[in-house]
Amino acid sequence: MERIDIKSMDMKELQSFIEAMGEKKFRAKQLYSWMHQKLVTDFDEMTNLSKAFRDRLKEKCSLGGVQIRREQISKKDGTRKFLMELSDGNMVETVLMKYHHGNSVCVSSQVGCRMGCRFCASTVGGLTRSLATSEILDQIYEIERHIGERVSNVIIMGIGEPLDNYENVIRFIRMLSDENGLHISQRNITLSTCGLVPKIYDLMREELTITLAISLHAPNDEIRREMMPVANRFSMNEIMDACRKYIEETGRRITFEYTMVQGTNDSRENALELAARLRGMLCHVNLIPLNAVEGRMGHRSVPENIRQFQSVLECHHINVTIRREMGSDIDAACGQLRNKNR
Ligand code: SAH
């Protein structure tokens with residue numbers, strides 16, 4: 001019998017679930033707190049629930065759980081990368097970065113990915129399956145237990161395309177920011193997408209205050225199609241329209257990620273064309289030096305090109321930063337550690 005994944009239930013669902021078991025509604029709050037605040041991994045630790053109730057839960061339900069199988073720690077900056085095993089044996093990666101403002105965790109949303117970006121390690125082998133809400137939450141819970149510290153920022157930028165696992169990812173964001181859970185502010189949560197346009201409109205209507213990051217990587221459709229097959233489905237004009245609408249509706253600034261690949265998208269002309277496209281938008285550009293992946297597209301842009309690109313955007317009054325490289329000595333590009341362990 002498949003066990004019921006109660007850790008993926010929000011408070012309302014958990015209440016109806018345990019009422020259907022003949023328990024009082026307020027017990028749901030206690031159970032929720034054990035799972036999402038005290039982060040216990042065993043029903044027997046839930047000491048304010050009766051033994052009889054715990055036994056019934058144990059029989060029917062699972063507490064899921066991901067397990068740390070490998071850990072790499074960067075000697076340069078302390079960034080820690082974890083290979084996490086799911087209950088069915090599949091693996092994902094989770095990264096912990098320490099900044100002065102707190103602990104930031106980058107979570108995976110799928111096992112593999114079907115978007116096929118040519119420079120990315122996560123898409124080798126395609127999509128195996130999407131993660132349940134509890135499996136995304138558990139990546140953070142496992143890290144909090146492991147380091148004994150709170151996590152303050154979460155980025156959904158690991159393996160997978162979060163908007164290709166839409167329902168579970170939205171539920172994850174709501175449960176993570178719920179005051180009955182870890183209560184991480186939505187303002188400290190970033191979701192990164194390769195640009196699934198209809199889903200951007202859906203996201204806009206969720207009334208979340210997260211930061212949306214769009215993996216743009218190119219100034220026009222021609223270059224974008226060389227790098228990302230998804231660009232054949234949605235044009236840059238469609239993405240820009242969706243982004244403008246998103247900004248208008250939510251009042252939130254959008255981040256554009258731009259991975260810099262030598263000779264592909266990093267010239268002065270490319271920067272000028274991008275600047276023209278982004279003119280007047282409430283946005284921020286994050287330049288990411290490519291982490292070259294063996295067998296995948298491209299080489300990293302040389303530092304002069306990255307600096308030139310940055311200064312062209314700055315001259316056009318576009319907010320731009322170069323992503324600080326974290327953990328470059330530890331298979332930094334997402335998917336690399338998982339690929340080595342398959
Ligand atoms: N699927 C989502 C989120 C996961 S990828 C998305 O596409 O946004 C997170 C970011 O890392 C994306 O901007 C992605 O394009 C970028 N990325 C992937 N592989 C990379 C690599 N080898 N070097 C640098 N950036 C990479």
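Visitor: What makes glutamate 161 a polar contact of the ligand?

Guide: A polar side-chain atom of glutamate 161 lies 3.0 Å from a ligand nitrogen. A polar contact is a pair of N or O atoms within 3.5 Å, so the pair qualifies. The model is predicted: local features need pLDDT of at least 70, side-chain atom pairs count only at pLDDT 80 or more, and totals for chains, interfaces and linings use all residues. Residues are numbered from 1 along each chain as its sequence is written, and side-chain values use heavy atoms, without hydrogens and water.

Visitor: Which atom of serine 215 meets an oxygen atom of the ligand?

Guide: An N or O atom in the serine 215 side chain, at 2.6 Å. Phenylalanine 119 uses a polar backbone atom, 3.2 Å from a ligand nitrogen.

Visitor: How much of the ligand's accessible area does the protein cover?

Guide: The cover is 94% of the 530 Å² that the ligand has on its own, by the Shrake-Rupley method with a 1.4 Å probe.

Visitor: How many residues surround the ligand?

Guide: The count is 19, with Glu161, Ser192, Ser215, His217 and Asn291 the closest. A residue is near the ligand if one of its heavy atoms lies within 4 Å of it.

Visitor: Why is glycine 263 called exposed?

Guide: Its relative accessibility is 66%. Exposed means over 50% (buried is under 20%, partly exposed in between; 1.4 Å probe, protein chains only). Glycine 263 therefore counts as exposed.

Visitor: How far is glycine 263 from isoleucine 68 in space?

Guide: The C-alpha to C-alpha distance is 39 Å, with their positions 195 residues apart in sequence.

Key
Polar contact = N/O pair within 3.5 Å; in protein donor to acceptor, adjacent residues only side chain to side chain.
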